[in-house]
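Colleague: I am new to this structure and would be grateful for a close look at its salt bridges. Please explain where the partners lie, and then turn to the cysteines and the surface.

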Amino acid sequence: MSWGVVILIGVIWSTIISHFGASILLHRYYCHKQLEVPKWFEAIGLFMLMIAVIRTPIGWIASHRMHHAYSDTEDDPHSPLHVGVWKVLTTTWTIPEIPVKFSRDLYKNPMLVFCHKHWLKIWIAVWAISLLISFKFFVAFALIPFLHAKIGFGLLNTVCHYPEPKNVPALNLLIAGEGYHLNHHKNFRRLRLAKWDTGGWIAERLINIGVFKKT
């Protein structure tokens with residue numbers, strides 16, 4: 001298999017993870033409860049997120065809720081104005097302490113708790129098994145999704161918030177329609193943010209055919 005095909009497969013796989021794992025499950029379901037998803041979808045989506053190496057999903061969800069509560073202030077955990085553009089762009093920012101109110105409900109979910117406790121082991125296992133299969137498989141299955149997630153989250157939190165919150169539709173190619181970030185902050189309960197919000201469009205279609213439920 002040529003490297004061109006490997007990269008193409010990796011990009012397609014990353015796009016699937018971006019839409020179903022990150023945008024629909026992690027953001028729209030866990031963070032904002034815009035819809036209800038079946039347990040089988042939750043399990044598959046969490047596995048996708050572990051491949052993309054977002055670390056603990058509980059930490060991501062809680063920090064995102066903090067971001068909405070304290071957007072663009074000193075208490076915003078990844079505000080480029082206060083934390084620094086480079087740290088946010090490279091997703092190297094840290095949170096000294098997350099108030100319990102942002103994560104209390106998450107610890108009632110056994111799958112989230114399992115991923116919270118074992119994310120590093122899962123990450124090591126996925127990367128090790130992928131490498132044992134072949135280096136090209138590792139690149140397509142694990143490395144490209146990792147880079148996609150790092151770049152996507154970094155750009156979302158910097159470009160869409162610096163120097164002020166705004167929509168950046170061009171980012172939709174990387175982050176599944178989440179480039180309409182200003183629309184999201186104006187109404188975080190809104191499922192589909194704009195016409196070209198692909199994550200929202202997919203979620204709506206799956207609601208229409210009964211896979212998901214609208215809350």
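Modeller: Glu42 and Lys39 both lie in helix H2 (residues 39-51), and because they are 3 residues apart, about one helical turn separates them. Helices here are DSSP runs of H or I with at least four residues, strands are runs of E with at least two, and both are numbered from the N terminus. The side chains of Glu42 and Lys39 meet in a salt bridge, with N and O 3.3 Å apart. A salt bridge requires a side-chain nitrogen of Lys or Arg within 4 Å of a carboxyl oxygen of Asp or Glu. The two partners differ in their surroundings: Glu42 is buried at 0% relative accessibility, whereas Lys39 is exposed at 53%. Buried stands for under 20% relative accessible area, exposed for over 50%, and partly exposed for values in between, with a 1.4 Å probe and protein chains only.

The model is predicted, so local features need pLDDT of at least 70 and side-chain atom pairs count only at pLDDT 80 or more, while totals for chains, interfaces and linings use all residues. Residues are numbered from 1 along each chain as its sequence is written, and side-chain values use heavy atoms, with hydrogens and water left out.

The structure holds 6 salt bridges. Among them is the one between Arg28 and Glu178, whose closest N and O atoms are 3.4 Å apart. Arg28 belongs to helix H1 and Glu178 to the loop between helix H7 (172-175) and helix H8 (181-186), so this pair ties together parts 150 residues apart in sequence. Arg28 also forms a salt bridge with Asp197, where the closest N and O atoms are 2.8 Å apart. This second pair links distant parts of the chain as well, since Asp197 sits in the loop between H8 and helix H9 (198-208), 169 residues from Arg28 in helix H1. Arg28, Glu178 and Asp197 are thus linked in a network of salt bridges. Arg28 is buried, with a relative accessible area of 2%; Glu178 is buried at 7%, and Asp197 is buried too.

The cysteines come next. A disulfide is a covalent bond between the sulfur atoms of two cysteines. With the rule that the two sulfur atoms lie within 2.5 Å, the count is 0 disulfides. Cys31 cannot be paired because the closest cysteine sulfur, in Cys115, is 14 Å from its own, too far for a bond. For Cys160 the closest cysteine sulfur is that of Cys31, at 16 Å, which is also too far. Cys31 is buried at 7% relative accessibility, and Cys160 is buried at 0%.

Cys115 lies in helix H5 (residues 110-133) and is buried at 7% relative accessibility. Setting aside neighbours within four places in sequence, Cys115 is in contact with Leu46, Met50 and Pro57, where contact means heavy atoms within 4.5 Å. Cys115 and Pro57 are 58 residues apart along the chain, yet their C-alpha atoms are separated by 7.1 Å.

On the surface, Trp3, Ile7, Val11, Leu131 and Phe135 form a nonpolar patch with about 470 Å² of accessible area together. Such areas come from the Shrake-Rupley method with a 1.4 Å probe, and for residues only the protein chains shown count as cover. Patches are made of residues with over 30% relative accessible area and no salt bridge, with like charges joined within 9 Å and nonpolar side chains (Val, Leu, Ile, Met, Phe, Trp, Tyr) within 5 Å. Helix H1 (residues 3-31) gives the most to the nonpolar patch, with 3 residues. Trp3, placed in helix H1, is partly exposed, with a relative accessible area of 41%.
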